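Please look through the structure shown here with attention to how its chains meet and how their backbones run.

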Number of protein chains: 2
Amino acid sequence: MKALVYNGPFDLTLKDLPKPVPSPGEVVIKIQAASICGSDVTGYKGKSNMRIAPLVMGHEFSGIVTEISEDVNKDKIGARVAVVPNLYCGKCINCLEGNINLCDFRKIVGTTMAVGGYNGAMAEYVAVRLEALLYLPDSVSFHEAALLEPFAVALHAVKKAGDLKNKSALIVGAGPIGLLVLKCLKYLGAISVIVTDLVDNRLELASKLGADKVINTAKENASEAIKSMTNSIGVDIALDAVGISASINQCIDSVRNNGKIILIGMAAQHLDFEFKQVVCREIQMFGSYTYTTEMQECLDILNSGQVNLNDLITGIFPIEEGPAIFASLAEGNSEDIKVILTM
Amino acid sequence: MKALVYNGPFDLTLKDLPKPVPSPGEVVIKIQAASICGSDVTGYKGKSNMRIAPLVMGHEFSGIVTEISEDVNKDKIGARVAVVPNLYCGKCINCLEGNINLCDFRKIVGTTMAVGGYNGAMAEYVAVRLEALLYLPDSVSFHEAALLEPFAVALHAVKKAGDLKNKSALIVGAGPIGLLVLKCLKYLGAISVIVTDLVDNRLELASKLGADKVINTAKENASEAIKSMTNSIGVDIALDAVGISASINQCIDSVRNNGKIILIGMAAQHLDFEFKQVVCREIQMFGSYTYTTEMQECLDILNSGQVNLNDLITGIFPIEEGPAIFASLAEGNSEDIKVILTM
């Protein structure tokens, strides 16, 4: 089968790999859409310990079940599915408490974890366990279904803020996750959402998607603008979809006393942050990592028609163009939000 | 009246000041005990913007009501009292939501705030509003009552961790606040408390006060010890009573996935912290600043006899010795925990 193989930093090639064979309890999926995540691009650049070559990347995807192991019911063949790529152990203390996203023994499709690598969906076929499948209603396209995974990342983060009705929020970073956070905040009833970024075209998209105010922090002092918009009180919730000192300090500066900051981005290894404000103003900070049950919830939301993800898909290309697309994304000049590969 | 006046960095002198006169709604208290806070010593060294000379410091204190303004009921005269030094406005959004500790317009007895300075209790008399009084039962001594304020700081912090029954905890820093946090954790049912510090005599006191394990981090790798004690899971709750990069990173290293870190100490201005762990392990961090209702709760606990504060009082001296005591504390070699001045 065709597969996009990561051979090492800046080295991605289309290769012919053996088609996966389903182990007991597994199915094989013919991939229809695999979306490129920012973490894949970081991996391509050789800057992630979660992408160790050789590896087929791709953890945001959808497809059709074409083969099953003997112990799987035959009615699964032909099912349109998305996949929860977190293959948690189900037995450790984190899993038993429902925090399957924090499982110390998890594999993640398309990544390299402590327990080993798992070839992903930037290929014609992938094998996964039956329990990882989400069955798609006809109303949800394969393309949108490929974005269920980052949508779930955003929903999981936003849910940590608690009840959002009539709450004001700041999103720092209008990349794919920041924009999906925006959709979640609006869906859950936030009354006012401010979005900051350094790139105008991303902020324009944020405006189109319903942001009440966008601020290019390269051109405008966001802290002052937010103070004047919030009667000097600050926003109720700030979500950091970047993860560098400047972004988290923007959250700290902008959130109200006793307010909540949700940390999603992880661009920096360490942070120099405005610590005294966190203590003196009793700010609450919550790390948010991937999701637990949210991919199914996101599928239900998509199916309800209340949220649409198509407006984030800025490119759809055949897998053969993968190497050129990764090279372009790694340069950092791309205006793309979400790019989908088809097989 | 005699008063210990802070004139500037390392310059504290006993002076004769006019005795305060009660304004409407106020009482004058004859001070019986004023305890020295670490923040007073930081102020003495000229390193706090909350101690601007000239100022009489002292916000941890107790005494007897000796004078009242005309509108105060005469039965208050002679009352044995402690004082809530946070003179919050009662009208701002923080106060209206019950977060009187975050009031932007508060004065604090014995400190300099944005709205001005307020002479404190390292003097023979201080004037405060009637609502700031806590009436002492006979069972509570003036000395213990002077420690109600830092006791409340500790209780407020510990309450942020939620239900403590059967929870394990780490306290980083065995100074007065760390030791009071230890008392609160034990009182509220924590099953196992580890305390770290760099100073052996403080750790010995922590052991006497009920710590299940003490670790001198100058001599032993605390992270490894805590991992082996917690089956590699980590403690449920970590409380930082220091506030430097090393202390908060110790908390991050030691707390379990999805665990809680309570930030109390503020020794550093900025922190370089292990940010990715906070995100990837979904750690929750809560800034904790002073207290709201906890001084009354602490008084009730003291009155119940379930907690005793006398074992933290390592020195009681007349106010005349104040300048020498501050000079000694500022040198950093003192083995004292809490020192009380009497008038």
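The paragraphs below go from the conventions to the relation of the chains, their contact, and then some local features.

This is a predicted model, in which local features need pLDDT of at least 70 and side-chain atom pairs count only at pLDDT 80 or more, while totals for chains, interfaces and linings use all residues. Residues are numbered from 1 along each chain as its sequence is written, chains are lettered from A and ligands numbered from 1 in the order in which they are written, and side-chain values use heavy atoms, with hydrogens and water left out.

Two copies of a chain are related by a rotation about an axis and a shift along it. Here, a turn of 180 degrees with a shift of 0.0 Å along the axis lays chain B on chain A with an RMSD of 0.0 Å, where the superposition is by least squares on the C-alpha atoms of residues with pLDDT of at least 70 in both copies. The two copies are therefore related as by a two-fold rotation axis. The same surface serves both copies, in that 100% of the contact residues of chain B recur in chain A, contact being taken as heavy atoms within 4.5 Å.

How many residues does each chain bring to the contact? Chain A gives 40 residues and chain B gives 40 residues. Together the chains bury about 3500 Å², with 56% of that area on carbon and sulfur atoms; buried area is the accessible area (1.4 Å probe) that two parts lose on being put together, summed over both.

Between chain B and chain A there are four salt bridges, each defined by a side-chain nitrogen of Lys or Arg within 4 Å of a carboxyl oxygen of Asp or Glu. In a salt bridge across the chains, the side chain of B:Lys160 meets that of A:Glu282, at 3.2 Å from N to O. There are also 19 residue pairs in polar contact between the two chains, both residues at pLDDT 80 or more; a polar contact is a pair of N or O atoms within 3.5 Å, where within protein one must be able to donate a hydrogen and the other to accept it, and residues adjacent in sequence count only if both atoms are side-chain atoms.

On the side of chain B that touches chain A, at least two residues each come from helix H2 (93–96), strand S17 (255–263), strand S18 (271–273), helix H9 (275–280) and strand S19 (284–287) of chain B, where helices (H or I, at least four residues) and strands (E, at least two) are DSSP runs numbered from the N terminus. H9(B) supplies the largest share of this side, five residues.

Strand pairing also crosses between the chains: strand S19 (residues 284–287) of chain A pairs with S19(B) in the antiparallel sense over three bridges, pairing being called if DSSP finds at least two bridges between two strands. Within this pair, A:Phe286 has B:Gln284 in S19(B) as its bridge partner.

Inside chain B, an open sheet of three strands runs in the order S2-S1-S4 with antiparallel pairing. Its edge strands are strand S2 (11–16) and strand S4 (55–56) of chain B, each of which pairs on one side only. Strand S1 (residues 2–8) of chain B is joined to S2(B) by six bridges in the antiparallel sense, and B:Ala3 stands opposite B:Lys15 in S2(B). The loop between S1 and S2 of chain B holds B:Phe10, a residue other than glycine whose phi is positive, near 60 degrees.

Over all chains the salt bridges come to 22. In chain A, the side chains of A:Lys338 and A:Glu60 meet in a salt bridge at 2.9 Å, N to O. Because A:Lys338 lies in strand S21 (residues 338–342) of chain A and A:Glu60 in strand S5 (residues 60–68) of chain A, this pair ties together parts that are 278 residues apart in sequence.

Finally, a cis peptide bond joins B:Ala53 and B:Pro54, with omega about -5 degrees, and B:Pro54 is found in the loop between helix H1 (38–44) and S4 of chain B.
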